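Trainee: Please take one part of this model and look at it closely with me, beginning with the pocket and going on to whatever surrounds it. I would like one connected account rather than a list.

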Protein chains: 2
Amino acid sequence: SREEAEAIEKELLEDYRFGRQQLIEIWGHACAMAVTKVFPLPSLPRKQPTVLVVCGPDQNGAIGLVCARHLRVFEYEPTIFYPKRSLNSLYRDFTTQCEKMDIPFLSYLPTEVQLINDAYNLVIDAILGADAEPGEVQEPYTSILATLKQIRIPIISLDVPSATGWDVEAGNSEGISPDMLVSLAAPKQCATRFLGRHHFLAARFLPYDVQKKFELNLPEYPGTECVVSL
Amino acid sequence: SREEAEAIEKELLEDYRFGRQQLIEIWGHACAMAVTKVFPLPSLPRKQPTVLVVCGPDQNGAIGLVCARHLRVFEYEPTIFYPKRSLNSLYRDFTTQCEKMDIPFLSYLPTEVQLINDAYNLVIDAILGADAEPGEVQEPYTSILATLKQIRIPIISLDVPSATGWDVEAGNSEGISPDMLVSLAAPKQCATRFLGRHHFLAARFLPYDVQKKFELNLPEYPGTECVVSL
């Protein structure tokens with residue numbers, strides 16, 4: 001549930017002294033690794049390995065920025081749409097890293113859905129995370145989600161599928177239908193209604209005592225992998 | 001050279017706005033990945049997959065702490081010897097993460113070398129990094145290095161082989177002889193005199209423009225690997 005997700009993050013940050021920068025880096029890297037497993041470069045239908053990464057204003061958006069940076073290193077061609085940039089210096093730094101690595105940023109999202117279908121192989125939804133308040137979604141995200149709901153290329157949602165009137169626990173049948181979900185730390189309740197083909201869990205770093213305390217019953221990760229398919 | 005290594009780190013921190021916490025996390029994770037490649041769990045001779053991680057006072061020691069934490073997650077049994085703990089809050093946080101994950105910390109290093117040979121499969125040398133001033137090594141590190149020079153189990157050095165009277169450029173034939181070296185960002189000049197069996201390069205995240213600017217001529221990393229064998 002939303003309260004549990006917050007309690008886990010609080011424990012990691014306050015008791016374990018993980019840094020927010022550190023967690024976002026770990027999660028963003030793990031998301032990129034999960035994408036490479038389901039959609040490896042040779043499997044992409046377009047000539048260019050293009051990926052559109054749509055980033056929201058808060059932590060989920062920052063994880064999207066890190067994911068885009070690692071995808072670039074893995075030779076994908078990410079393009080970022082980040083309509084409302086956070087003033088938070090931590091998020092600004094993650095943005096600068098992408099800009100300095102010449103990852104293009106879109107100034108607007110085409111409303112003509114066919115343009116998105118033709119230009120990209122995949123869309124990564126890093127708009128809303130488990131920390132989003134139910135029903136708080138406003139413009140420009142309502143329009144963006146309306147556009148994403150119509151696209152035909154696969155959508156990968158980070159942590160939770162973003163939705164207008166989103167509720168981490170209840171989910172929202174009106175939202176986008178991602179093909180792939182990468183749950184961060186632990187699957188949120190809404191993940192039980194996820195109907196896509198690929199569900200991954202990231203990241204492996206979660207201390208055993210935290211897993212036990214919150215009765216997460218997480219699966220074993222193979223070898224040194226930072227993600228596991230559920 | 002030492003100046004180039006400093007210039008690269010400065011560029012990453014100041015121009016690219018990478019965070020120190022972020023870099024230490026990336027490097028520590030990559031070092032742990034490199035260790036698992038050369039010394040996978042089933043290959044270890046002892047019944048318990050024990051690893052001794054010796055951490056210095058500065059950044060190299062913090063990378064050792066992160067490496068130990070990831071090795072723990074990969075089911076190794078690291079023990080940390082960290083004789084001079086930094087007051088830097090960043091390094092303190094990395095220490096807390098290890099403590100809270102129940103990684104044991106030694107209060108002293110046995111001077112009887114056979115005890116170390118018998119108790120551990122590997123020793124990780126995270127004592128000095130490329131930022132160490134030549135000739136500045138003092139106690140307790142001179143004694144520790146004298147002990148490590150006599151041990152028979154494999155030593156893995158992070159970034160540079162630590163040595164008394166160490167010089168990043170000239171190296172030091174009097175120092176320890178690691179079996180494995182994990183060069184961070186780019187091999188330092190002293191690596192040309194490295195005589196061990198395994199030389200790895202980490203981490204892959206280095207932006208292409210930085211590689212080009214400093215004429216690093218780095219090799220290609222296979223797939224999504226964060227380290228490459230040189």
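**The largest pocket and its surroundings**

Mentor: The element that gives the most to the lining of the largest pocket is α7(A), with 4 residues. Please keep in mind throughout that this is a predicted model. The pocket has a volume of about 730 Å³, and 27 residues line it, those nearest its centre being A:Tyr208, A:Gln211, B:Arg72, B:Val73 and B:Glu75. Two or more lining residues come from each of α7 (208-213) of chain A and α3 (59-73) of chain B, and by class the lining comprises 13 nonpolar, 5 polar and 9 charged residues.

Helix α3 leads on to the enclosed spaces. There are 2 cavities of 30 Å³ or more in the structure, and the largest of them holds about 320 Å³ of space. At least two residues of this cavity's lining are supplied by each of α2 (20-38) and α3 (59-73) of chain A and α2 (20-38) and α3 of chain B, so that α3 of chain B appears here, as a contributor to the cavity lining, as well as in the lining of the largest pocket. Of the 26 residues that line the cavity, A:Ile26, A:His29, B:Ile26, B:His29 and B:His70 lie nearest its centre, and the lining divides into 14 nonpolar, 6 polar and 6 charged residues.

The appearance of residues from both chains in that list invites a look at how the chains are arranged. Chain B is superposed on chain A by a rotation of 180 degrees with 0.0 Å of shift along the axis, at an RMSD of 0.0 Å, and the two copies are thus related as by a two-fold rotation axis. Within chain B, the residue whose C-alpha comes closest to that axis is B:Gln22, at 2.7 Å. The copies meet through the same surface, because 100% of the interface residues of chain B are also interface residues in chain A. One place where contact between the chains can be followed residue by residue is A:Asp93, which lies in helix α4 (residues 89-100) of chain A and touches B:Tyr16 and B:Arg17, if residues up to four places away in sequence are not counted. With a relative accessible area of 14%, A:Asp93 is buried, since the limit for that class is under 20%.

From the chain contacts we can turn to the sheet. In chain B, 8 strands form an open, mixed sheet in the order β3-β2-β1-β4-β5-β6-β7-β8, and its edge strands, β3 (105-106) and β8 (228-229), each pair on one side only. Further in, strand β6 (residues 180-184) and strand β7 (residues 198-202) of chain B pair in the parallel sense over 5 bridges, with B:Ala202 in β7(B) as the bridge partner of B:Leu184. B:His198 also belongs to strand β7 of chain B; at 23% relative accessibility, B:His198 counts as partly exposed. Leaving out residues up to four places away in sequence, B:His198 touches B:Val38, B:Asp179, B:Met180 and B:Leu181.

The corresponding region of chain A can be described in finer detail. Strand β6(A) is largely enclosed by the rest of the structure, because 5 of its 5 residues are buried. Both of its faces are covered, with A:Met180, A:Val182 and A:Leu184 buried on one side and A:Leu181 and A:Ser183 buried on the other. β6(A) runs parallel to strand β5 (residues 155-158) of chain A, to which 3 bridges join it, and here A:Ile156 stands opposite A:Met180. β6(A) is also joined by 5 bridges to strand β7 (residues 198-202) of chain A, again parallel, with A:Ala202 as the bridge partner of A:Leu184. Within β6(A), A:Ser183 is buried with a relative accessible area of 0%, and beyond its neighbours within four places in sequence A:Ser183 is in contact with A:Asp159, A:Ala191, A:His199, A:Phe200, A:Leu201 and A:Ala202.

Strand β2 (residues 77-81) of chain A completes the account: 4 of its 5 residues are buried, so it is largely enclosed by the rest of the structure. β2(A) pairs in the parallel sense with strand β1 (residues 50-55) of chain A over 5 bridges, and A:Glu77 in β2(A) is the bridge partner of A:Thr50.

Methods: Residues are numbered from 1 along each chain as its sequence is written. Chains are lettered from A and ligands numbered from 1 in the order in which they are written. This is a predicted model: local features need pLDDT of at least 70, side-chain atom pairs count only at pLDDT 80 or more; totals for chains, interfaces and linings use all residues. Side-chain values use heavy atoms; hydrogens and water are left out. On a 1 Å grid over the protein atoms alone, a cavity is a set of points where a 1.4 Å probe fits but cannot get out, and a pocket is an open set with protein on both sides within 12 Å along at least five of seven lines; lining residues have an atom within 4 Å of a point. Grid points are joined across faces, edges and corners, and a volume is the space filled by probe spheres set on the points. Ala, Val, Leu, Ile, Met, Phe, Trp, Tyr, Cys and Pro count as nonpolar, Asp, Glu, Lys and Arg as charged, and the others, Gly among them, as polar. Two strands pair if DSSP finds at least two bridges between them. Buried means under 20% relative accessible area, exposed over 50%, partly exposed in between (1.4 Å probe, protein chains only). Contact means heavy atoms within 4.5 Å. Copies are superposed by least squares on the C-alpha atoms of residues with pLDDT of at least 70 in both.
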